[in-house]
Amino acid sequence: MEVEKMDENEWKYHGEGNQSLVVSHCQRCVVLRFLKSPPNQNKTPEEILHHLQNIVDFGKHVMKQFFGENYVHHGEIIQLPLDFVRQLCLKIQPERPECRCDKDMDTLSGYAMCLPNLTRLQPFRFAEHRPILCIEIKPKCGFIPFSSHVSQEIKHKVCRYCMHQHLKVANGKWKRPSKYCPLDLFSGNKQRMHFALKSLLQEAQNNLKIFKNGELIYGCKDDQDCVCDWNELARHLKPFFFPCNGLASGPQCTRSVVKELIHVITMALLSSTDSCRAGHMKTVPVSQGRSYCEASAFNKELVRNGKHKLESSGLPRGCLLYKTLQAQMLDMLDIEGLYPLYSRVEQYLEEFPEERSTLQIDGPYNEAFYEKLLDLSLEDDGTVAFALTKVQQYRIAMTAKDCSIMIALSPCLQDECSEQRPVVLTSKSRFTFSVSVLDLDLKPYESIPHQYKLDGEIVNYYLKNVQAKEDPVMSNLFKENEDCTLVLHKV
Ligand SMILES: O=P(O)(O)O[C@@H]1[C@@H](OP(=O)(O)O)[C@H](OP(=O)(O)O)[C@H](O)[C@H](OP(=O)(O)O)[C@H]1OP(=O)(O)O
Ligand SMILES: Nc1ncnc2c1ncn2[C@@H]1O[C@H](COP(=O)(O)OP(=O)(O)OP(=O)(O)O)[C@@H](O)[C@H]1O
């Protein structure tokens with residue numbers, strides 16, 4: 001990219017999260033990702049550069065190992081003319097959702113990350129001007145803690161996402177709770193995955209976005225502004241799924257399109273399009289802990305119907321969901337078991353503050369950092385080294401619990417099968433697709449006390465306000481299910 005010739009008119013607002021703001025190029029397949037910070041808490045250009053370097057290194061040396069070369073796009077740092085950045089910031093400001101304006105885009109350092117636009121097929125080839133559909137999913141934590149350090153039994157039964165929903169609705173973050181449960185999506189069972197995806201389509205919150213040719217057509221721009229009309233979605237997607245079929249619009253058409261969409265997402269999520277080193281490392285057994293969540297609407301429906309053998313077909317080893325789950329499961333102790341270890345590291349650092357850099361707490365995130373993460377032993381020998389390894393593994397797990405998956409799909413013809421890319425079939429079309437992961441910024445060491453506090457708040461809110469009021473018939477059914485999997489029904 002010729003940075004001297006940067007023109008803000010060639011870029012447009014694309015999206016943002018809590019930490020960064022993204023603009024996309026109007027013609028080319030790249031985005032710029034800027035860091036954000038609260039007003040008057042600007043970091044120095046050196047600090048920004050260091051932070052960005054850490055993000056790139058972490059993607060390159062650590063997350064690529066866990067997730068696989070093809071899934072991770074670490075990008076590169078770019079230094080931009082300050083004038084361009086300031087003009088760009090002014091240009092995009094009106095597009096920003098109000099709820100994200102508590103932080104400002106960094107306009108002082110001139111540094112940003114340059115990344116491929118993942119709403120396009122990866123790797124992108126210039127010749128491609130075909131229509132593209134992209135589904136972004138933030139799946140969140142896909143397992144129930146199996147750690148013996150968990151102090152509240154409910155955490156072994158109901159997943160964090162489902163519990164957190166209630167607190168979020170009470171706090172006004174979302175108007176309605178979602179029926180989505182990450183354990184259904186991560187189950188590998190198609191029926192459960194379909195239910196999870198349908199629930200995401202019903203209540204997208206910040207867990208689902210759909211882009212057509214790079215433009216957001218479905219999902220929440222912010223808490224107030226949600227474009228979640230299935231008929232409108234079907235209108236956008238009909239040409240993708242039923243290209244030469246005169247399927248009339250109406251409820252039947254909407255249902256058919258949504259069904260095809262869910263099918264195609266499921267197939268892409270279960271596909272294995274990469275191999276990686278961590279695939280060879282000793283992995284955390286996926287079978288640990290319970291494979292379903294008692295609060296899942298899918299599960300409740302089964303129990304209501306007297307069925308209690310919830311299928312968890314397991315995920316294919318090479319697929320991105322599997323790799324994400326493996327990385328998430330590096331949280332083996334749960335925050336309750338981790339927090340005392342964090343305190344041990346803290347105590348050590350208070351005594352020896354100069355050791356902070358040797359311990360690589362704030363980077364560099366290099367090969368050596370990665371190697372130290374591979375020790376999955378849970379035998380606490382009382383050392384700082386053990387505590388530190390668990391803390392760093394926890395940070396990786398937290399990162400994987402908050403990342404997003406991008407599935408880009410483009411219609412292709414039968415004779416295009418020779419391409420390197422995988423293909424997924426629907427009843428009336430075929431698509432080449434790519435799957436990528438984004439937002440792999442390592443969670444800060446300093447966020448651990450916040451995690452500890454939040455965990456307590458989520459669980460206490462749930463126990464007090466939800467479980468206490470739960471339908472007693474339902475909880476009895478669960479109890480019976482748990483004890484002997486035999487439920488007696490009145491005849
Ligand atoms: O704690 P959670 O599970 O609510 O996750 C936070 C996310 O909220 P969510 O529940 O997905 O709506 C939250 O997402 P939103 O800003 O609410 O869209 C952030 O991703 C936050 O990350 P960070 O601390 O800013 O790096 C996330 O915080 P971390 O816990 O990942 O640090
Ligand atoms: N390389 C990319 N290509 C296309 N879109 C992207 C890319 N990177 C980010 N985005 C879009 O920008 C949004 C915000 O990016 P990102 O998730 O990295 O922000 P964040 O502030 O780090 O998020 P969080 O709130 O989870 O901390 C994403 O949800 C996605 O829609």
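Tutor: Relative accessible area sorts residues into buried (under 20%), exposed (over 50%) and partly exposed (in between), with a 1.4 Å probe and protein chains only. The model is predicted, so local features need pLDDT of at least 70 and side-chain atom pairs count only at pLDDT 80 or more, while totals for chains, interfaces and linings use all residues. Residues are numbered from 1 along each chain as its sequence is written, chains are lettered from A and ligands numbered from 1 in the order in which they are written, and side-chain values use heavy atoms, leaving out hydrogens and water.

Student: Is Asn213 buried, exposed or partly exposed?

Tutor: Asn213 lies in the loop between strand S8 and strand S9 (215-220), helices (H or I, at least four residues) and strands (E, at least two) being DSSP runs numbered from the N terminus. Its phi is positive, about 50°, although Asn213 is not a glycine. The relative accessible area of Asn213 is 35%, so this residue is partly exposed.

Student: What is the relative accessibility of Asn40?

Tutor: Asn40 also has a positive phi without being glycine, here near 65°. The loop between S3 and helix H1 (45-67) holds Asn40. Asn40 counts as exposed because its relative accessibility is 77%.

Student: How many residues surround ligand 2?

Tutor: A residue belongs to the surroundings if one of its heavy atoms lies within 4 Å. The closest residues to ligand 2 are Asn18, Gln19, Ser20, Glu136 and Asp439. By class, the shell has eight nonpolar (Ala, Val, Leu, Ile, Met, Phe, Trp, Tyr, Cys, Pro), six polar (the others, Gly among them) and seven charged (Asp, Glu, Lys, Arg) residues. The number of residues surrounding ligand 2 is 21.

Student: Which strands each supply at least two residues of the shell around ligand 2?

Tutor: The shell draws on strands from several stretches of the sequence. Those that supply at least two residues each are S1 (11-16), S2 (20-25), S3 (30-37), S6 (111-116) and S8 (208-212).

Student: What percentage of the accessible area of ligand 2 does the protein cover?

Tutor: N and O atoms of the protein approach the ligand at several points, the cut-off for a polar contact being a pair of N or O atoms within 3.5 Å; within protein, one must be able to donate a hydrogen and the other to accept it, and residues adjacent in sequence count only if both atoms are side-chain atoms. A side-chain N or O atom of His14 is 3.0 Å from a nitrogen atom of ligand 2, while backbone N or O atoms of Gly17 and Gln19 lie 3.4 Å and 2.7 Å from an oxygen atom of the ligand. Of the 620 Å² that ligand 2 has accessible on its own (Shrake-Rupley, 1.4 Å probe; for residues, only the protein chains shown count as cover), the share covered by the protein is 94%.

Student: How far apart in sequence are Tyr161 and Tyr180?

Tutor: The structure holds 11 aromatic pairs, counted for rings of Phe, Tyr and Trp (its six-membered ring) with centres within 6.5 Å; planes under 30 degrees apart are stacked, over 60 edge-to-face, and the rest tilted. The rings of Tyr161 and Tyr180 have centres 5.2 Å apart and planes at 85°, so this pair is edge-to-face. Tyr161 sits in helix H3 (residues 160-171) and Tyr180 in the loop between H3 and helix H4 (182-185), a separation in residues of 19.

Student: What type of aromatic pair do Tyr342 and Tyr445 form?

Tutor: Tyr342 is in helix H10 (residues 334-351) and Tyr445 in the loop between strand S13 (430-438) and helix H13 (448-465), 103 residues apart. Both residues are buried, and with Tyr339 and Tyr452 they form one aromatic cluster. The ring centres of Tyr342 and Tyr445 are 5.0 Å apart and the planes lie at 45°, so the pair is tilted.

Student: With which residues is Pro449 in contact, leaving aside its neighbours within four places in sequence?

Tutor: Pro449 belongs to helix H13. Its relative accessible area of 28% is why Pro449 is partly exposed. With contact taken as heavy atoms within 4.5 Å, the partners of Pro449 beyond those neighbours are Tyr339 and Tyr342.

Student: Which side chain does a polar contact of 2.7 Å join to that of Lys401?

Tutor: Lys401 is in helix H12 (residues 384-401). Its relative accessible area is 12%, so Lys401 is buried. Not counting residues up to four places away in sequence, Lys401 touches Lys140, Cys141, Phe143, Gln328 and Asp331. The side chain joined to Lys401 at 2.7 Å is that of Asp331.
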